[in-house]
Amino acid sequence: MTHQFNPTILREYDIRGIVGDTLLEADAYALGRTFAALAGDEGVSRIAVGRDGRTHSGMLEAALIRGLNEGGIDALQVGMGPSPMLYFATHYLDVGGGIQVTGSHNPADYNGFKLLLNGRSVFGEEIQKIGRRAAAGDWSEGNGSIEDVDIREAYVDRLLEGFSGKAFRIGWDAGNGAAGPILDMLVERLPGQHFTILTEVDGRFPNHHPDPTVEKNLDDLKRLVADKGLDFGIAFDGDGDRIGAVDGKGRVIWGDQLLMILAEAVLRALPGETIIADVKASQTLFDRIAELGGKPLMWKTGHSLIKSKMKETGAPLAGEMSGHIFFKHRWYGFDDALYAAVRLIEAVSASGRTLTELKDAMPAGVATPEMRFQVDEVRKFAIVDEVRNRLSNDGARVDATDGVRVSTVDGWWLLRASNTQNVLVARAEAVDEAGVERLMAQIDDQLAKSGVRRVAGTH
């Protein structure tokens, strides 16, 4: 047997597509067979498997496990839960890897797979190799087993291990995503008063889209914080690996601002260590890490890429603007929004201030949110290359770590291609609104030269 995946689903750091269109049940089976062969080559015979709450995740999980079993791999089913619970399972259970069936923060018709093997994320060229191996039918044969394992209590126990946070009044929005049931268990054991909404899992996401990086998706959380007079609020994405937050005034604490707060607590425990943030993060964050005595490191966007860089550098903490927060300090190095929430409570407690006061104390400046605009999938990387080449020829100060990050007298702007969607991502930051407008004009000029027009209102 051989199998051809739709090439658009073999992404940089996971496999993801539209169910019934680019991603089919047969793809899940073929992935199981191929991953079984890959795991067997590395001496792995047992894999943990989890799924999110999407309506088709159960179907894809069943086909995936059938493929794993027929390839000779035993599957330990940890059930529905957030992706980080599956990551935890790979440390907690006697397994050599794991697969989470999840569409992450994408719309309800998407789904996919996040892959781990022998302590690493499977991404980039390894995902392309999975495609080639399936096409060649280079599969193993066997008769693996299925075992159901409930690790929810163990996971919550571990989330709270060593917790030293104070009592706050906190609002929580699970967005009908897979983190909801675990959140309900967690808040029962946290000090303070906790008000949860949308913890019932519903893979259609009927209330709002579970992506906390888009401010309108935080409206329900802002209302909850305002109505109850809470200290702050926390939200999760569809599979619980990305965190969003608002302070007591309902102001968004963006990913890089969360990292600023978390870094202070980590650097107090581990002076002088490296803290990693992605290229979309504010210069204010990198300056703050240095001010705290840490070593700031700018790196590529993408959870698998960040995790690999953490291993390479030994960094105890990393984060992305998208709300992926990675703790190696007291944790495992993977992105876990529930654990990040626990550590945020601790960090605010240790600061002696409220989250609102911490937000007030952050340097003034004007930054755009993450702007996304659709482009042709086949053109997205080429456009960034064209912009980089033009700017380099013009003598601009360009950082090409991931896309194009340009520094000017006003501040900086970024243009990069998303690895998970057919969009370009842009961001700009300056000392004032006029500076941001000048930076946006530069972005628009470069896009126009590559035949792209930014849609009005995306800034």
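**Figure 1. Secondary-structure elements around the largest pocket.** In this predicted model, three elements each give at least two residues to the lining of the largest pocket: strand S1 (15-18), strand S18 (371-374) and helix H13 (380-393). If you want a place to start looking, S18 supplies the largest share of that lining, with three residues.

**Figure 2. The centre and make-up of the largest pocket.** The space in the largest pocket comes to about 760 Å³. Its lining counts 38 residues, and those that lie nearest the centre are Asn106, Arg372, Gln421, Asn422 and Val423. Sorted by class, the lining holds 17 polar, 11 nonpolar and 10 charged residues.

**Figure 3. The second largest pocket and the elements that line it.** Here the volume is about 590 Å³. Look for Pro363, Gly365, Val366, Ala367 and Glu429, which lie nearest the centre among the 29 lining residues. Two or more residues of this lining come from each of three helices, H8 (255-269), H9 (283-291) and H12 (355-360), and from each of three strands, S17 (366-367), S21 (411-417) and S22 (423-430). The lining of the second largest pocket divides into 13 nonpolar, nine charged and seven polar residues.

**Figure 4. A closed space: the second largest cavity.** Across the whole structure, a search finds six cavities of 30 Å³ or more. The one in this view, the second largest cavity, has a volume of about 50 Å³. It is lined by 13 residues, with Pro212, Ile243, Gly244, Trp254 and Gly255 closest to its centre. Strands S11 (243-247) and S12 (252-253) each supply at least two of the lining residues, and S11 gives the most, with three. Which class is missing from the lining of this cavity? The lining has no charged residues; eight are nonpolar and five are polar.

**Figure 5. Asp220 and its contacts.** Asp220 belongs to helix H7, which covers residues 219-228. Why is Asp220 called partly exposed? Its relative accessible area is 22%, and the partly exposed class lies between 20% and 50%, so Asp220 falls within it. Setting aside neighbours within four places in sequence, Asp220 is in contact with Asp173, Ile197, Leu198 and His208. For one of these partners, Ile197, the view also gives a distance: its C-alpha atom and that of Asp220 are separated by 8.4 Å, with the two residues 23 apart along the chain.

Notes
Residues numbered from 1 in each chain as written. Predicted model: local features only at pLDDT ≥ 70, side-chain atom pairs only at ≥ 80, totals over all residues. Heavy atoms only, no water. 1 Å grid on protein atoms, 1.4 Å probe; cavity = no way out; pocket = protein on both sides within 12 Å on 5 of 7 lines; lining within 4 Å. Points joined across faces, edges and corners; volume = space filled by probe spheres on them. Helix = DSSP H or I, 4+ residues; strand = E, 2+ residues; numbered from the N terminus. Nonpolar A, V, L, I, M, F, W, Y, C, P; charged D, E, K, R; others polar. Buried < 20%, exposed > 50% of the residue type's maximum accessible area, 1.4 Å probe, protein only. Contact = heavy atoms within 4.5 Å.
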